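Visitor: I would like to learn how to read the features of a model like this one. Could you walk me through it?

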Amino acid sequence: MSTKCDRLCSTDDCMPGTGVYLRHGYIYSSLAGYVLRKNEGEELPVISVVRETEAQLLPDVGAIVTCKVTSINPRFAKVHILYVGSTPLKDRFRGTIRKEDVRATEKDRVETYKSFRPGDIVLAKVISLGDVQSNYLLTTAENELGVVVAHSEAGAQMVPISWCEMQCPRTHAKEFRKVARVQPEYLQA
């Protein structure tokens, strides 16, 4: 936590981000808040200060996110990120799960429409940060990641019957999905 006008570091050690200013070779906080230090592929880390209310707004690499599938095509699924961990997001962030990031094995045989459908709720992990123009890249290539809530064509919440299939309790119709292996007590419909 930093207060306004705190000296954070030298410009030899960091690059300025948001919520900071430069003076005589040092970076100072321009507001009271949390200090964020990120390596964004640059030579030096970027240092920023965000207000407490803004600190949880961005999904970060490695974070587990809950998202809703909005559309699919043969190459990827588009999603809206709803939660980072158990924290709901105030802003809407878009994400993409590429065909090659759906599962860990037989990546070349993945068919997107057999993994996700629009409306599905998915647990995924952030593998690359987005920006204003692009989406966050997400993966479901772990057993614990994938579809956690899906509804059948009959409108019933489907039940997982294997790692790749869910079944409608009303019609007993089976549909393909990349199913997350989640403990039932953690599921909230």
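Guide: Gladly! Let us start with a definition: two strands pair if DSSP finds at least two bridges between them. Keep in mind that this is a predicted model.

Visitor: What is the strand order of the open sheet of 3 strands?

Guide: The general idea is that strands of a sheet pair through backbone hydrogen bonds, either parallel or antiparallel. Here the order is β2-β6-β5, and the pairing is mixed. β2 (15–16) and β5 (34–38) stand at the edges with a single partner strand each, so one side of each has no neighbour in the sheet.

Visitor: How many bridges join β5 to β6?

Guide: There are 5 bridges between β5 and β6 (residues 46–50), and the two strands run antiparallel. For one concrete pair, look at V35, whose bridge partner in β6 is V49.

Visitor: Which other strands pair with β11?

Guide: β9 pairs with β11 in the parallel sense over 3 bridges, and G95 has Y136 as its bridge partner in β11. β10 pairs with β11 in the antiparallel sense, also over 3 bridges; there, the partner of K125 is T139.

Visitor: Now the interior. Which residues of the largest nonpolar core touch the most other members?

Guide: The idea here is a set of buried nonpolar residues joined through side-chain atoms within 4.5 Å. The largest core has 24 residues, and those touching the most other members are V65, C67, I81, I97, F116, V122 and L138. At least two residues of this core come from each of β7 (64–72), β8 (76–84), β9 (87–98), β10 (121–128) and β11 (136–139). β8 gives the most, with 4 residues.

Visitor: What is C67 in contact with, leaving aside its neighbours within four places in sequence?

Guide: C67 contacts V79, H80, I81, L82, D120, I121, V122, A124 and L138. Apart from the largest core lies another one, of 7 residues, with V20, L31, I47 and V49 among them.

Visitor: T96 is a polar residue to my eye. Is T96 buried or exposed?

Guide: The cut-off for buried is under 20% relative accessible area, and T96, at 7% relative accessibility, counts as buried. T96 lies in strand β9, and its side chain makes a polar contact of 3.4 Å with that of K78. Beyond its close sequence neighbours within four places, T96 is in contact with residues including F76, V79, N135 and L138.

Visitor: How many aromatic pairs are there?

Guide: A pair of aromatic rings is described by the distance of the centres and the angle of the planes. The count comes to 2 aromatic pairs. Y21 and Y28 are stacked, at 5.5 Å centre to centre with 15° between the planes. Y21 counts as partly exposed at 25% relative accessibility, while Y28 counts as buried at 17%. F93 and Y136 are edge-to-face, at 5.8 Å centre to centre with 90° between the planes. Because F93 lies in strand β9 and Y136 in strand β11, this pair ties together parts that are 43 residues apart in sequence. Both F93 and Y136 are buried.

Visitor: And which charged residues sit over rings?

Guide: To read this feature, check the distance from the charged end to the ring centre, along with its angle to the ring normal. R7 lies over the face of Y26, at 3.9 Å from the ring centre. The charged end of K114 sits over the ring of F176, 4.9 Å from its centre.

Terms used: Residues are numbered from 1 along each chain as its sequence is written. This is a predicted model: local features need pLDDT of at least 70, side-chain atom pairs count only at pLDDT 80 or more; totals for chains, interfaces and linings use all residues. Side-chain values use heavy atoms; hydrogens and water are left out. Buried means under 20% relative accessible area, exposed over 50%, partly exposed in between (1.4 Å probe, protein chains only). Contact means heavy atoms within 4.5 Å. A polar contact is a pair of N or O atoms within 3.5 Å; within protein, one must be able to donate a hydrogen and the other to accept it, and residues adjacent in sequence count only if both atoms are side-chain atoms. Rings of Phe, Tyr and Trp (its six-membered ring) pair if their centres lie within 6.5 Å; planes under 30 degrees apart count as stacked, over 60 as edge-to-face and the rest as tilted. A charge sits over a ring if NZ of Lys or CZ of Arg is within 6 Å of the ring centre and within 35 degrees of the ring normal.
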